[in-house]
Structure formats: C-alpha cells, structure tokens
Amino acid sequence: MNNTCSLPDAELEIMQIVWQCEPPVARSTIEDKLKEQKQLAPSTILTYLTRLCDRGFLRVEQQGRKNLYTPLISRKDYLSGESRRMLDRLFGGSLSEFAVSLCDSGIKKEEIETLRTMLEEGSL
C-alpha cells in the first residue's frame, strides 16, 4: 500500500466518508453521503473510488451487483503522514516554528491549554 502520497481534495472527501462509515461501505452509501455536500455524477464518484483503490487506500469487493469498499489505511495514519509532510514542507520540520505560527493565527487560549494538557499527559 502506498500511504506516502497526499490525496487530492476530491478523493480525500471520498475517504472522509468511507472513514465515517462502518466498513465495508457500499458505493451507494458513499454517493448518498456525498450528495449532502455536493452533486457529482456517479461516474465521477466511481472514477475517484477506482483511483483510491489503485493507490492502495481502498479495497473493493463485489457482492452481487454492489461494490463494497474497505479502507486499507486508517484516518489516523493518513492524518499523521499529512501532518508530518506539512510540518516538513512549511516549517522545515521545526515544531517550534509551527507552534509560533499557530499562535499567530489566532488560536484560542483554551485550545493552547488543551494542547499543553495533552503534552503533559503524554496523550499526543
């Protein structure tokens, strides 16, 4: 599985839906949930699902006339990789530069306290 690549926004939207559902997820379920956000042609959704399978993010199995999709990478693992890539790309791997930027962005004091508590408890 190639979990080192970043997903384009449209494919990430599909993965977010798959991660929210109990696997395996029927294509019709993905289409229904996506309709709540935006209208895409079924053929476009199928193209995205095929790409996600080709990239190793999803496995597809056919059950009768249904295609069922199972994630091969967890949301947590994907976000961990994306976070590391963002940290490296934007801040040269410097966590302190990221923290300064985060504070400059208007992060709330409560959010900073939550991060501090998580760090102190070792839950990060």
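How far apart should the ends of helix α1, residues 9–20, be at 1.5 Å a residue? This is a predicted model, and I will start with that helix.

Helix α1 has twelve residues, so the expected span is 16 Å. The C-alpha atoms at its two ends are 17 Å apart, and that agrees with the expected value.

Next, the burial of α1. The buried residues in this helix are E11, I14, M15, I17, V18 and W19. As background, an α-helix has 3.6 residues a turn, so positions three or four apart point the same way. Among the elements that cover the buried residues of α1 are two helices, α2 (27–35) and α3 (42–54), together with α4. The cover also includes the strands β1 (25–26), β2 (58–63) and β3 (66–71).

Two of those strands go together. β2 and β3 are paired antiparallel, with six bridges. Opposite L58 is P71 of β3. The two strands make a hairpin with two residues between them. In the turn, G64 has a positive phi, about 65 degrees.

Now the largest pocket. Where does its lining come from? Helices α4 (75–91), α5 (95–104) and α6 (109–121) each contribute at least two lining residues. The space in this pocket is about 520 Å³. Its lining has 15 residues, and those nearest the centre are L95, F98, L102, L115 and L119. By class, 13 of the lining residues are nonpolar, one is polar and one is charged.

To link the two parts: α4 is among the elements covering the buried residues of α1, and α4 also supplies at least two residues to the lining of the largest pocket.

Methods. Residues numbered from 1 in each chain as written. Predicted model: local features only at pLDDT ≥ 70, side-chain atom pairs only at ≥ 80, totals over all residues. Heavy atoms only, no water. 1 Å grid on protein atoms, 1.4 Å probe; cavity = no way out; pocket = protein on both sides within 12 Å on 5 of 7 lines; lining within 4 Å. Points joined across faces, edges and corners; volume = space filled by probe spheres on them. Helix = DSSP H or I, 4+ residues; strand = E, 2+ residues; numbered from the N terminus. Nonpolar A, V, L, I, M, F, W, Y, C, P; charged D, E, K, R; others polar. Expected span 1.5 Å × (residues − 1). Buried < 20%, exposed > 50% of the residue type's maximum accessible area, 1.4 Å probe, protein only. Contact = heavy atoms within 4.5 Å. Pairing = 2+ DSSP bridges.
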